[in-house]
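This report walks a new reader through one protein model, beginning with a single pair of charged side chains and then widening the view to the whole fold. Please keep the structure in view while reading.

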Amino acid sequence: MAYKGLNENMNTIAAVATPRGTGGLAVIRISGGEAADVARKVFRAAGGNEIGKSHVAVYGNIFDGGEKLDDGVMTLFLAPNSYTGEDVAEITCHGGIYVTERVLRACISAGARLAGAGEFTKRALLNGKLSLTQAESVIDIINSHNKQYLTYSLAQREGALYRKIEEISAIILDITVQIAAWIDYPDEILDSYETSSFLGQLADCKAKLQLLLETFEIGKVLREGVLTAIVGKPNAGKSTLMNLLAKSDRSIVTDIAGTTRDIIEESVNIGDMVLRLCDCAGLRDSGDKVEEIGVNIMLKRLEQCELALAVFDNSCPLEKEDYTLLEKLKGKNAICIINKADLENQLDLTFLATQFRNVIEITAKDSSSFEPLAAVINKTLKLKRVDMSAGFIANERQRECALIAERALGKAIDGITAGLALDTLGVTLESALESLYELSGKNVSETVVDEIFKRFCVGK
C-alpha cells in the first residue's frame, strides 16, 4: 500500500548509514531517481566493470571531482527491488570519520541532498514497501538489547501487528457495511438475530484489542528495562551487590558507612530482562548534610522503582533502619536479599520470611551468587504469558489508537444491549475503524508520519 496522498519531496537523498566513528567500513546510502547517476559521478569501477546492473557489487575507486578519496565497493539496487522502493546505491568505503564525510560530501556535490532522520524508511513507507507498523518496528529492531525483544520486533517487521489489526478491522467494516445498507434501504430491517450476531463479533474484537493493549506494558519493560532500586542500611552490601549484577566494579566498596552518597546507575541483562539498577545511599539518620541529601534521593527512587532489591546484613540483628525500610517497602514488588551468608547468622530470618514473597541468601562478593540471584529476579519479574510474536503494541501512538478503538467497541456493545438505533451504532463503529486505520497507517496524517520518523537516526 503506497501513501501517495502524503506530500514528500522525493528528490535524491544521501546519508551515512553506519554509526559515526572509526571502524573497518562505512556505508553511504543514496536513494531516489538520480541515485545511479550520483553514484556514477562519485564511483568509478576498476577494470571497466559495468556498474549498471542491479544487486551486483562492484569494486572501484571513489572520487570527489578529480580527487581520489578512497577505494571501495558500490552496489546498485534498482526500483522497485530496493529497501525504499526507489533506485538505491550503497557505496562502501573505509570507516574513518574524515574519509566517510568526504565521500558523503562528494555525493551531495554530485546532486543528492542530505537525508533527514529516518527518511529512507519513510520513503519505504510512502512507496508501499512497508506498512506504518512495520516501519515503526525498524527502530525497535535497532534498539533491541535482548533476544526476546528482538524476536518480537522481527515479528512486527514481518507484519504481525498489521495483520492482527486488519483482521479486527475487517470484521468491524463488514458490520458497518451492513448497517449502512440498512440506512440506505430501511425496508430491509435487520432482525434481532442479526444484531445479536453483531454483539458476539464485536465482543470478540474488543477482547482481541484488550489482549493487544496488555502487550504494551510488557513490551515497555522489555524495551526500557525494569527500574530497580538496591536499598538497605549502610554496609549491608548494596554496592557489592551492584558490582555482582553488573559484573564489574561499578560502585565503590569500603567498610566505611555512607560511602555511597549519590545514585549509581547501570543497565544489566538478567536472563531475558534488562534491569536499570540504582545503587542508593544507605538508609540511616546522619548529621552529614550531603549524606542526608543522598538518603532523600534514595527514598524518592524507592517510590518510583518497579522492583526493590532490599539488602540485609546477615551478620547483624535487625536495627531501626531495617524496620524503617520494611515500612517503606510495603506494597512494593521487592526481593529480600540476605547478604553475607558466609558469616554467622544474627538476623531473624523467620521474621523476614513473613515480610517478603521471595527471600534469598547470598554472599555478594562471591561471583557464584549471581546465577541463583538471577533466577529469583526472573521468577519475580515473570512476564504474563501473552504471545507477543502474534503482534504487540510497541509505542504510545499505537496504544492510544487501540485504546480509542477498544472504548468505541465497548460503547457499541452497550448500545446494542440497550437497543441503540443502528444509525447511531454505525457512527460509533466508524470511529473505531478510523482509529484502527490510523494505527495501521491505512488512514494517517502527514503530521503523524513526520512525528514517527523524528525518532529515527539519519541514514535509516
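With which residue does K340 form a salt bridge, and how far apart are the closest N and O atoms? In this predicted model, the partner of K340 is D313, and the closest N and O atoms are 3.0 Å apart. Because K340 lies in the loop between strand 12 (334-339) and helix 11 (349-355) while D313 lies in strand 11 (residues 307-313), the pair ties together parts that are 27 residues apart in sequence. K340 is partly exposed, with a relative accessible area of 22%, whereas D313 counts as buried at 6% relative accessibility.

**The chain as a whole**

The protein chain has 460 residues, of which 49% count as buried, and there are 15 helices and 13 strands in it. The chain exposes about 21800 Å², and carbon and sulfur atoms supply 51% of that area. Of the contacts with a separation of 6 or more, 69% are accounted for by residues 24 or more positions apart.

**The seven-stranded sheet**

Seven strands form an open sheet with mixed pairing, in the order 3-4-5-6-2-1-7. Its edge strands, each pairing on one side only, are strand 3 (43-45) and strand 7 (113-114). Helix 3 (residues 119-126) packs on this sheet, where it touches strand 1 (13-16), strand 2 and strand 7, and its direction makes about 135° with that of strand 1. Helix 1 (residues 35-42) lies across strand 2, strand 3, strand 4 (57-64), strand 5 and strand 6, running at about 75° to strand 3.

Strand 6 (residues 88-95) pairs with strand 2 (residues 23-31) in the antiparallel sense over eight bridges, and V27 has T92 of strand 6 as its bridge partner. Strand 6 also pairs with strand 5 (residues 67-77), again in the antiparallel sense, over five bridges; here T75 has E90 as its bridge partner, and F77 stands opposite V88.

**Salt bridges**

The count of salt bridges comes to 18, and the table below gives three of them.

| Pair | Closest N to O |
|---|---|
| R102 and D64 | 3.3 Å |
| E406 and K206 | 2.8 Å |
| K340 and D313 | 3.0 Å |

Since R102 lies in helix 2 (residues 97-109) and D64 in strand 4, their salt bridge ties together parts that are 38 residues apart in sequence. R102 is buried, with a relative accessible area of 9%, whereas D64 is partly exposed, with a relative accessible area of 22%. The pair of E406 and K206 links distant parts of the chain, with E406 in helix 13 (residues 396-417) and K206 in helix 7 (residues 192-224), 200 residues apart. E406 counts as buried, at 10% relative accessibility. Elsewhere, E86, R113, E119 and R123 are linked in a network of salt bridges.

**The nonpolar cores**

Which residues have the most contacts inside the largest nonpolar core? That core has 35 residues, and those with the most contacts inside it are L241, L245, L309, L373 and I377. Leaving aside its neighbours within four places in sequence, L245 is in contact with V268, I270, L277, L309, F370, L373 and I377. Apart from this core lies another, of 31 residues, among them I172, I175, C205 and L212.

Notes: Residues are numbered from 1 along each chain as its sequence is written. This is a predicted model: local features need pLDDT of at least 70, side-chain atom pairs count only at pLDDT 80 or more; totals for chains, interfaces and linings use all residues. Side-chain values use heavy atoms; hydrogens and water are left out. Two strands pair if DSSP finds at least two bridges between them. Helices (H or I, at least four residues) and strands (E, at least two) are DSSP runs, numbered from the N terminus. A nonpolar core is a set of buried Ala, Val, Leu, Ile, Met, Phe, Trp, Tyr and Cys residues joined through side-chain atoms within 4.5 Å. Buried means under 20% relative accessible area, exposed over 50%, partly exposed in between (1.4 Å probe, protein chains only). Contact means heavy atoms within 4.5 Å. Accessible areas come from the Shrake-Rupley method with a 1.4 Å probe; for residues, only the protein chains shown count as cover. Axes are lines fitted to C-alpha atoms, for helices over the stretch in contact, and angles run from 0 to 180 degrees between N-to-C directions. A salt bridge is a side-chain nitrogen of Lys or Arg within 4 Å of a carboxyl oxygen of Asp or Glu.
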